[in-house]
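Me: I should like to go through the terms used for this structure and ask what each of them rests on. Please set each value against its criterion.

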Amino acid sequence: MRSTALYNPPPMSVLTPEANTWLIKRNCSAGPRQLAVVFGSLVAVSFAFGLAFAAFGLWMVLPFVGLELIAVGAAFFCYGRHAADFERISIEPGVVSVEHVEGTETHRWELDPGISHVEVERSGRWGKRVRVFLLAPSIKLELGQYLLDQRRLILGHEINGALMQAR
């Protein structure tokens, strides 16, 4: 059984019951549906205020309400598009699978654990910035992009151990 170091963080990282599979999610406080509800209520309230001002003869408020809602809608769209991003790493005897979903793009790689290895790179002041790479011939994948640096370091050690077992 793998280490339980990734069982307890916020819901952005989960070590699944299969011993060598990691699911790493972006830490978003609201999902796309919740965002749609918030945006809908914001539209209703803004237009209510705009119509109230228009009823008193201040018609120029309505175009500005429209501009405001377009800007907020664009921001919500960008946020909602990436709210479901995730990364799945699975290590089994004979194959390492990495799936990375960002927005509408999905990338999948399957590598040989015999020729793959993990590199943990520390940079920044006092080596606090941690990056984890899975290396194979002509491939360099960054792993754990949605994790905090300390959790990324733990992930690197766990993946390295799982790779050794899969060889």
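Reply: The exchange below takes up burial, the nonpolar core and strand pairing in a model that is predicted.

Me: Why is Leu163 called buried?

Reply: Buried means under 20% relative accessible area. Leu163 has a relative accessible area of 0%, so the residue is called buried. Leu163 lies in helix α3.

Me: What makes Pro113 a contact of Leu163?

Reply: Contact means heavy atoms within 4.5 Å, and Leu163 is in contact with Pro113 by that criterion. The C-alpha atoms of the two residues are separated by 5.9 Å, although Leu163 and Pro113 are 50 residues apart along the chain. Leaving aside neighbours within four places in sequence, the other contacts of Leu163 are Ile91, Val96, Ser116, His117, Val118 and Leu134.

Me: What makes a set of residues here a nonpolar core, and which residues have the most contacts inside the largest one?

Reply: Such a core requires buried residues of the nonpolar kinds, joined through side-chain atoms within 4.5 Å. The largest set of this sort has 22 residues. Those with the most contacts inside this core are Ile89, Ile91, Leu134, Leu143, Leu155 and Ile159. At least two core residues come from each of β2 (21-25), β3 (86-92), β4 (95-102), β7 (129-136), β8 (139-143) and α3 (149-166). Helix α3 gives the most, with six residues. As for Leu134, residues it touches beyond four places in sequence include Val96, Val98, Leu111, Leu143 and Leu163.

Me: How do you know that β2 is mostly covered?

Reply: Four of the five residues of β2 are buried, each with under 20% relative accessible area.

Me: What makes β2 and β3 a pair?

Reply: Pairing needs at least two bridges between the strands. β2 and β3 have five bridges and therefore count as a pair, in the antiparallel sense. Thr21, for instance, has Ser90 in β3 as its bridge partner.

Me: Why are β6 and β8 said to stand at the edges of their sheet?

Reply: The open sheet has three strands in the order β6-β7-β8, with antiparallel pairing. β6 (117-123) and β8 each have a single partner strand, so one side of each is left without a neighbour in the sheet. Neighbouring strands of this sheet are turned by 30 degrees against each other on average, direction ignored. Five bridges join β7 to β8, and Leu135 stands opposite Lys140 in β8.

Me: How do you know that α3 packs on this sheet?

Reply: Helix α3 touches β6, β7 and β8, with contact taken as heavy atoms within 4.5 Å. The direction of α3 makes about 25 degrees with that of β7.

Methods:
Residues numbered from 1 in each chain as written. Predicted model: local features only at pLDDT ≥ 70, side-chain atom pairs only at ≥ 80, totals over all residues. Heavy atoms only, no water. Buried < 20%, exposed > 50% of the residue type's maximum accessible area, 1.4 Å probe, protein only. Axes fitted to C-alpha atoms, helices over the stretch in contact; angles between N-to-C directions.
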